[in-house]
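User: I'm new to reading protein models and I keep tripping over the vocabulary. Could you go through this one with me and explain the labels as we go?
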Amino acid sequence: MDALNGNMLVMAVLGVGVGIGAAFTGLGGGFLMIPILLYLGFTAQKAVGTSFLAILVISISALFAHGKFDNVDYRAGALLGLGGIVGAQIGARLVQQVSTEGFKKIFAVVLIGLAVYLFVKK
């Protein structure tokens with residue numbers, strides 16, 4: 001909680017930006033939330049865990065908003081979510097084995113890879 005001292009308003013305001021980014025891109029907000037939390041002094045493990053709580057809240061809100069526009073395939077989402085349950089358990093154990101510095105490098109490579117893929121994909 002040390003990283004939160006004096007930053008609660010900042011976190012709430014940043015949350016608005018993350019919510020907009022998550023609802024607009026569908027990336028869940030982690031691509032924005034993780035760097036913010038790392039900058040605020042969280043360890044990689046604490047940043048990932050905290051990000052998931054924020055993403056849960058943001059995702060529920062975004063689900064309702066997109067549902068109003070009939071932009072949700074509930075069956076596909078549920079199937080992906082069920083698979084994600086297994087993957088999340090594996091990922092949580094894997095991140096425990098990585099230092100914060102190592103995590104930053106891995107996270108950056110993943111983001112760059114996604115950016116390149118989206119840029120060159122027709």
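Analyst: Happy to. Let's begin with a cut-off: a residue is called exposed when its relative accessible area is over 50%, buried when it is under 20%, and partly exposed in between. One more thing before we start: this is a predicted model.

User: Okay, so why does D70 count as exposed?

Analyst: D70 has a relative accessibility of 67%. Exposed means over 50%, so D70 counts as exposed. You'll find D70 in the loop between helix 3 and helix 4. The phi of D70 is near 60°, which is a positive value in a residue other than glycine. For background, most residues other than glycine have a negative phi.

User: What about V72, why is it called partly exposed?

Analyst: V72 comes in at 22% relative accessibility. The buried label needs a value under 20% and the exposed label one over 50%, so V72, at 22%, counts as partly exposed. V72 is also found in the loop between helix 3 and helix 4. Leaving aside neighbours within four places in sequence, V72 is in contact with L63, H66 and G67. The C-alpha atoms of V72 and M33 are separated by 24 Å, and these two residues are 39 apart along the chain.

User: And what makes S51 buried?

Analyst: The relative accessible area of S51 is 2%. Buried means under 20%, so S51 is buried. The place of S51 is in helix 3. Not counting residues up to four places away in sequence, S51 touches G30, M33, I34 and L37.

User: Which label goes to G17, buried, exposed or partly exposed?

Analyst: G17, found in helix 1, has a relative accessible area of 38%. That value lies in between the 20% and 50% cut-offs, so G17 is partly exposed. G17 and G29 are twelve residues apart in sequence, and their C-alpha atoms are 9.2 Å apart in space.

User: Why does A76 count as partly exposed?

Analyst: A76 has 33% relative accessibility. Partly exposed covers the range between 20% and 50%, so A76 counts as partly exposed. A76 is found in helix 4. A76 and R93 are 17 residues apart in sequence and 26 Å apart in space, C-alpha to C-alpha.

User: Let's zoom out. How many helices and strands does the protein have?

Analyst: Five helices and zero strands. Read along the sequence, the pattern is α-α-α-α-α. The C-alpha atoms fill a box of roughly 40 × 30 × 30 Å, taken along the principal axes. Of the 122 residues in the protein, 21% are buried.

User: Which residues of helix 2 are buried, and what covers them?

Analyst: The buried ones in helix 2 are G30, M33, I34, I36, L37 and L38. Their cover includes helix 1, helix 3 and helix 5. Right after helix 2 comes G41, whose phi is positive, near 105°.

User: Where does the largest nonpolar core get its residues?

Analyst: The elements giving two or more residues to this core are helix 1 (8-25), helix 2 (30-39), helix 3 (44-68) and helix 5 (100-120). Helix 2 supplies the largest share, five residues. The core has 16 residues, and I34, A47 and F103 touch the most other members. Apart from neighbours within four places in sequence, I34 is in contact with A47, V48, S51, F103 and F107.

User: What can you tell me about the largest pocket?

Analyst: About 720 Å³ of space lies in it. The pocket is lined by 24 residues, and the closest to its centre are I34, V48, F52, F103 and F107. By class, the lining has 17 nonpolar, seven polar and no charged residues.

User: Last one: how do you know which parts the predictor is confident about?

Analyst: Look at pLDDT, the predictor's confidence in each residue, from 0 to 100. The mean for the protein is 89, and 95% of its residues reach 70 or more. Confidence is highest in helix 5, at a mean of 94, and lowest in helix 1, at 84. As a rule, where pLDDT is low, the predicted coordinates should not be read in detail.

Key
Residues numbered from 1 in each chain as written. Predicted model: local features only at pLDDT ≥ 70, side-chain atom pairs only at ≥ 80, totals over all residues. Heavy atoms only, no water. Core = buried A, V, L, I, M, F, W, Y, C linked by side-chain atoms within 4.5 Å. Buried < 20%, exposed > 50% of the residue type's maximum accessible area, 1.4 Å probe, protein only. Helix = DSSP H or I, 4+ residues; strand = E, 2+ residues; numbered from the N terminus. Contact = heavy atoms within 4.5 Å. 1 Å grid on protein atoms, 1.4 Å probe; cavity = no way out; pocket = protein on both sides within 12 Å on 5 of 7 lines; lining within 4 Å. Points joined across faces, edges and corners; volume = space filled by probe spheres on them. Nonpolar A, V, L, I, M, F, W, Y, C, P; charged D, E, K, R; others polar.
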